[in-house]
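Please look through the following structure with two topics in mind, the pairing of charged side chains and the lining of a pocket.

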Amino acid sequence: AGGTRLFLLNPDGTTAVMLPANLLFGSLSPDGRRLASGRTSFITPLYRAAAFPARGEEAIAEKVLDSPHAEYSPRFSPDGSRIAIASTRTGTSQIWLWDNRFNQGKAVFDRRSYSSGSPAWSPDGRSIAFDARLTGSAADIWVVSTNGVPAVQRTNDKAEDMVPCFVPTGMWMYFSSGRAGEPQVFRS
């Protein structure tokens, strides 16, 4: 699925057992019954908490989305009913769209990419802009419709184009790019 996984083989090579995700290479005990291994630390569940708790009350973080990989850059839709996130929950970098209770989610950008992130909603809530690095390329800006239309690549430059943002009218989108030699803001 795009991620590296460890397997243990029987000494005769007949049975392979897949180990849990995110384990690093390790060492087997002399009797072959235990594995000592580190675990990658980029496992990031999503939490929610009251932004402004009542005076004297503590803001308690509640885990709302968990996976064996990373969930990051959550962005509420303009009407608050949906949340776009960057996720590696399937082993490859994707953009997911969830309802605001995290009961139903689906990948809206699932091309094989090295990374995708920085989701930004259009003011009307009909599309999401984001940056993505397809294998062997610099980051470009993509836009995906929330009604199932496939993503469209908006920039195609040798430089890194990242972190899109719509203006309040939705007429323009701004993004960071190194195409001028150093990071600057560009408009599309």
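The paragraphs below take up the salt bridges and then turn to the second largest pocket.

The model is predicted, and a search of the whole structure finds 3 salt bridges in it. As general background, side chains of opposite charge can pair when their charged atoms come close.

One of these pairs joins Glu71 to Arg89, with the closest N and O atoms 3.0 Å apart. The two partners belong to distant parts of the chain, since Glu71 lies in strand β7 and Arg89 in the loop between β8 (82–87) and β9 (94–99), 18 residues apart. Their surroundings can be described by relative accessible area: Glu71, at 1%, is buried because the value is under 20%, whereas Arg89, at 22%, counts as partly exposed.

Another pair is formed by Arg133 and Glu160, whose closest N and O atoms are 2.6 Å apart. Here, too, distant parts of the chain are linked, with Arg133 in strand β12 (residues 127–134) and Glu160 in the loop between β14 (152–153) and β15 (161–166), 27 residues apart. Arg133 is partly exposed, with a relative accessible area of 22%, and Glu160 is partly exposed as well, with a relative accessible area of 30%.

A further salt bridge connects Asp161 with Arg179, and the closest N and O atoms of this pair are 2.5 Å apart. Asp161 sits in strand β15, while Arg179 is found in the loop between β16 (173–177) and β17 (184–187), so that the pair, 18 residues apart, links distant parts of the chain. How accessible are the two partners, Asp161 and Arg179? Asp161 is buried, with a relative accessible area of 0%, whereas Arg179 is partly exposed, with a relative accessible area of 35%.

The second topic is the empty space in the model. In general terms, rolling a probe the size of a water molecule over the atoms shows where such space is left. The second largest pocket has a volume of about 170 Å³, and the residues that line the pocket are Leu46, Tyr47, Arg48, Val64, Pro74, Arg75, Phe76, Ile83, Asn100 and Phe102. The elements that give two or more residues to this lining are β5 (46–48) and β7 (71–76); strand β7 is also where Glu71 of the salt bridge with Arg89 is located. By residue class, the lining of the second largest pocket divides into 7 nonpolar, 1 polar and 2 charged residues.

Technical notes: Residues numbered from 1 in each chain as written. Predicted model: local features only at pLDDT ≥ 70, side-chain atom pairs only at ≥ 80, totals over all residues. Heavy atoms only, no water. 1 Å grid on protein atoms, 1.4 Å probe; cavity = no way out; pocket = protein on both sides within 12 Å on 5 of 7 lines; lining within 4 Å. Points joined across faces, edges and corners; volume = space filled by probe spheres on them. Helix = DSSP H or I, 4+ residues; strand = E, 2+ residues; numbered from the N terminus. Nonpolar A, V, L, I, M, F, W, Y, C, P; charged D, E, K, R; others polar. Salt bridge = Lys/Arg side-chain N within 4 Å of Asp/Glu carboxyl O. Buried < 20%, exposed > 50% of the residue type's maximum accessible area, 1.4 Å probe, protein only.
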